[in-house]
Amino acid sequence: MLGHRKFDPSVLQGKRVLDIGCGRQKLPGSIGADYHPHPGVDVVCDLNGGLPFGNESMDVVFANQVLEHITRLEHLIYEVHRILRPGGMLVAHTPYFRSAWAHIDPSHVRSFTLSTLDYFVRGTYCYDYYRFAETAYSAKAVYLDTDYPSGLMRAFFSRLAIRRPFQFENSVLSFAFPFEQITYVLTK
């Protein structure tokens with residue numbers, strides 16, 4: 001059966017990983033940073049402020065269901081860029097804007113589309129015409145619904161959405177087949 005693309009978490013193994021907004025479920029083997037001093041949190045910090053880590057000190061910054069809570073998203077994305085080593089990755093899971101999960105939590109301050117993080121990636125339309133700063137990631141990969149089993153319908157619609165994000169998201173297709181989660185991988 002033809003499957004849809006899934007993010008491979010094994011790429012995180014053997015890397016220095018910072019799990020931002022880790023809460024009570026820190027990624028095993030990572031350094032956990034959160035606003036609240038939950039058990040397992042290694043560094044307490046406000047993600048809307050600066051990250052208390054040195055320049056180019058991390059291989060990966062992992063954000064699982066965190067970015068939708070951040071009021072100063074641009075600032076955090078640039079802070080992550082600052083602490084990533086060259087070739088380092090930001091791996092972020094967020095609810096897809098059509099999903100009920102994007103709107104059910106009253107602490108969410110934004111929704112995410114396939115192109116939301118393009119403002120930070122060199123060579124994308126949003127970066128080329130609307131960027132906030134000259135700092136940029138070099139590449140972006142997007143995965144849809146990586147926690148769900150592959151199937152023919154999921155494979156078809158995820159490939160269609162990723163190849164033609166504006167057409168898919170601005171059509172009835174995104175209502176007929178809404179995804180629940182986006183995974184972005186931005187490479188420095």
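This note sets out, point by point, the main features of the structure shown above.

1. Status of the model. The structure is a predicted model, and the remarks below should be read in that light.

2. Strand β4 and its surroundings. Strand β4 spans residues 58-64, and 5 of these 7 residues are buried, so the strand is largely enclosed by the rest of the structure. Strand β4 pairs with two strands discussed here, β1 and β5.

3. Pairing with β1. Strand β1, residues 17-20, runs parallel to β4, and 3 bridges connect the two. Within this pairing, Leu 18 has Val 61 of β4 as its bridge partner.

4. Pairing with β5. Strand β5 covers residues 84-95 and is also parallel to β4, to which it is joined by 6 bridges. Val 61 appears again in this pairing, where it stands opposite Leu 90 of β5. Between β4 and β5 the chain passes through helix α1, residues 73-83, and the resulting β-α-β crossover is right-handed.

5. The loop after β1. Gly 29 belongs to the loop that links β1 to β2, the latter being residues 31-34. Gly 29 has a relative accessible area of 81% and is therefore exposed. From Lys 15, Gly 29 is separated by 14 residues in sequence, while the C-alpha to C-alpha distance between them is 9.2 Å.

6. Cysteines. How many disulfides does the model contain? The count is 0. Cys 45 illustrates the point: the closest cysteine sulfur to its own is that of Cys 22, at 9.2 Å, which is too far for a bond, because a disulfide would require the two sulfur atoms to lie within 2.5 Å. Cys 45 is also buried, since its relative accessibility is 8%. Cys 126 is likewise buried, because its relative accessibility is 9%.

7. A tyrosine patch. Which residues form a nonpolar patch on the surface? Tyr 125, Tyr 129 and Tyr 130 do so, and together they present about 400 Å² of accessible area. Tyr 125 is located in helix α3, which comprises residues 125-130. Is Tyr 125 buried, partly exposed or exposed? With a relative accessibility of 49%, Tyr 125 counts as partly exposed, because the exposed class begins over 50%.

8. Points to view together. In the structure, Val 61 can be inspected alongside its partner Leu 18 and alongside Leu 90, which it stands opposite. At the surface, the patch of Tyr 125, Tyr 129 and Tyr 130 may be viewed together with the buried Cys 126.

Technical notes: Residues are numbered from 1 along each chain as its sequence is written. This is a predicted model: local features need pLDDT of at least 70, side-chain atom pairs count only at pLDDT 80 or more; totals for chains, interfaces and linings use all residues. Side-chain values use heavy atoms; hydrogens and water are left out. Patches are made of residues with over 30% relative accessible area and no salt bridge: like charges are joined within 9 Å, nonpolar side chains (Val, Leu, Ile, Met, Phe, Trp, Tyr) within 5 Å. Accessible areas come from the Shrake-Rupley method with a 1.4 Å probe; for residues, only the protein chains shown count as cover. A salt bridge is a side-chain nitrogen of Lys or Arg within 4 Å of a carboxyl oxygen of Asp or Glu. Helices (H or I, at least four residues) and strands (E, at least two) are DSSP runs, numbered from the N terminus. Buried means under 20% relative accessible area, exposed over 50%, partly exposed in between (1.4 Å probe, protein chains only). Two strands pair if DSSP finds at least two bridges between them. A crossover is right-handed if, with the strands pointing away from the viewer, the path from the first strand over the helix to the second runs clockwise.
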